[in-house]
Amino acid sequence: MNYKLPELKYDYSALEPHISARIMELHHSKHHQAYVTGANAASEAMAEARETNNFSNLPKLQKDLAFNLGGHVNHSIFWENLSPHSGEPSSELAAALTEYFGSFEMFKNHFVAAALGIQGSGWAYLAWDALGNRLIIGQLYDQQGNLAMGSIPLLMLDMWEHAFYLDYQNVKADYVKAFWNIVNWEDVSRRFGSVSVNSRSLLLG
Ligand code: MN
């Protein structure tokens, strides 16, 4: 098995009242687990295709891998992005948010609009664009769509209904508002600190 469900660094109930223990338990142990299982299955089927030199099913397997590995990556980051102790962005990250989005408020407004504007299932994300050497905000569709290669995720917000429906029903805006109370800014700042220096060389040599 290439992929494994990561353990959370906090209890399922730790993010209450912003996200309930029931959602956290289902989301981690069932939904995230399903992506891990799917990524392993696609990966193993590809190994078999290579061994038998039979690639007739390959387009489906590639889609399965992108979707399920995407789900595994996204949730692995999302859990780390959350904490009962929210804190503040580092001074370097705060300065970069102001530089690339105008101000912290303007960053937040853009991020919230990205989250609330997703049509269907997906994610809002803050990423480091390694080619332009700058922060960008994006909408990720499903687990893998609408994304430029070279975007390194720093902060992700799950906007699939399974992430909020039990607590917030259709009122997505309240879920997004609650999210800001549990953003682990220490984690986001750490990610920012490690990508911003030489990431362009990963793309261009
Ligand atoms: Mn999810």
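# A walk from the manganese site outwards

Hi everyone, let's start at the metal. The manganese ion has four protein donors, His27 (NE2), His75 (NE2), Asp158 (OD) and His162 (NE2), and they lie 1.9 to 2.1 Å from it. Donors here are N, O and S atoms within 2.8 Å of the metal (3.2 Å for Na, K and Ca), and water is not among the atoms, so sites may look incomplete. Along the sequence, the donor residues follow the spacing H-x47-H-x82-D-x3-H.

A word on what you are looking at: this is a predicted model, in which local features need pLDDT of at least 70 and side-chain atom pairs count only at pLDDT 80 or more, while totals for chains, interfaces and linings use all residues. Residues are numbered from 1 along each chain as its sequence is written, and side-chain values use heavy atoms, with hydrogens and water left out.

Are Asp158 and His162 buried or exposed? Both are buried. Buried means under 20% relative accessible area, exposed means over 50%, and partly exposed is in between (1.4 Å probe, protein chains only).

Now follow the chain back from Asp158 into strand S3 (151–158). Helices (H or I, at least four residues) and strands (E, at least two) are DSSP runs, numbered from the N terminus. Of the 8 residues of S3, 6 are buried, so the strand is largely enclosed by the rest of the structure. S3 runs antiparallel to S1, and 7 bridges join them. Two strands pair if DSSP finds at least two bridges between them. To find one of these bridges on your screen, look for Ala127, whose partner in S3 is Pro153.

Let's stop at Leu155, which is also in S3. Its relative accessible area is 0%, so Leu155 is buried. What is Leu155 in contact with, leaving aside its neighbours within four places in sequence? The list includes Phe107, Phe111, Tyr125, Phe179, Trp185 and Val188. Contact means heavy atoms within 4.5 Å. For a sense of scale, the C-alpha atoms of Leu155 and His28 are 18 Å apart, and 127 residues separate the two along the chain.

Trp185 and Val188 take us to helix H7 (residues 185–195), where they are buried along with Asp187, Ser189, Arg191, Phe192 and Val195. What covers the buried residues of H7? The cover includes helices H2 (58–81), H3 (91–101) and H4 (104–116), together with strands S1 (122–129), S2 (134–141) and S3.

Just ahead of H7 there is a loop that follows helix H6 (172–179), and Ile182 is found in it. Ile182 has 2% relative accessibility, so it counts as buried. Beyond its neighbours within four places in sequence, Ile182 touches Leu15, His18, Ile19, Asn81, Leu82, Ser83 and Ser86. Asn81 is a residue to remember, since Leu155 is in contact with Asn81 too.

Next, salt bridges. A salt bridge is a side-chain nitrogen of Lys or Arg within 4 Å of a carboxyl oxygen of Asp or Glu, and by this rule the count comes to 4. One of them joins Glu80 and Lys9, at 2.8 Å from N to O. Glu80 lies in helix H2 and Lys9 in the segment before helix H1 (21–52), so the pair ties together parts that are 71 residues apart in sequence. Lys9 is exposed because its relative accessibility is 68%, while Glu80, at 24%, is partly exposed.

Another salt bridge sits within H2: the side chains of Lys60 and Asp64 meet at 2.6 Å, N to O. These two are 4 residues apart, about one turn of the helix. Lys60 is partly exposed at 47%, and Asp64 is partly exposed at 25%.

Back in H7, Arg190 pairs with Asp187, with the closest N and O atoms 3.0 Å apart. Asp187 is buried at 5% relative accessibility, whereas Arg190 is partly exposed at 47%. Arg191 belongs here too, as Asp187, Arg190 and Arg191 are linked in a network of salt bridges.

Let's finish on the surface. Leu131, Leu203 and Leu204 make a nonpolar surface patch of about 270 Å². Leu203 has its place in helix H8 (residues 200–204), and it is partly exposed because its relative accessible area is 40%. Patch residues have over 30% relative accessible area and no salt bridge; like charges are joined within 9 Å, and nonpolar side chains (Val, Leu, Ile, Met, Phe, Trp, Tyr) within 5 Å. The areas come from the Shrake-Rupley method with a 1.4 Å probe, and for residues only the protein chains shown count as cover. Thanks for listening!
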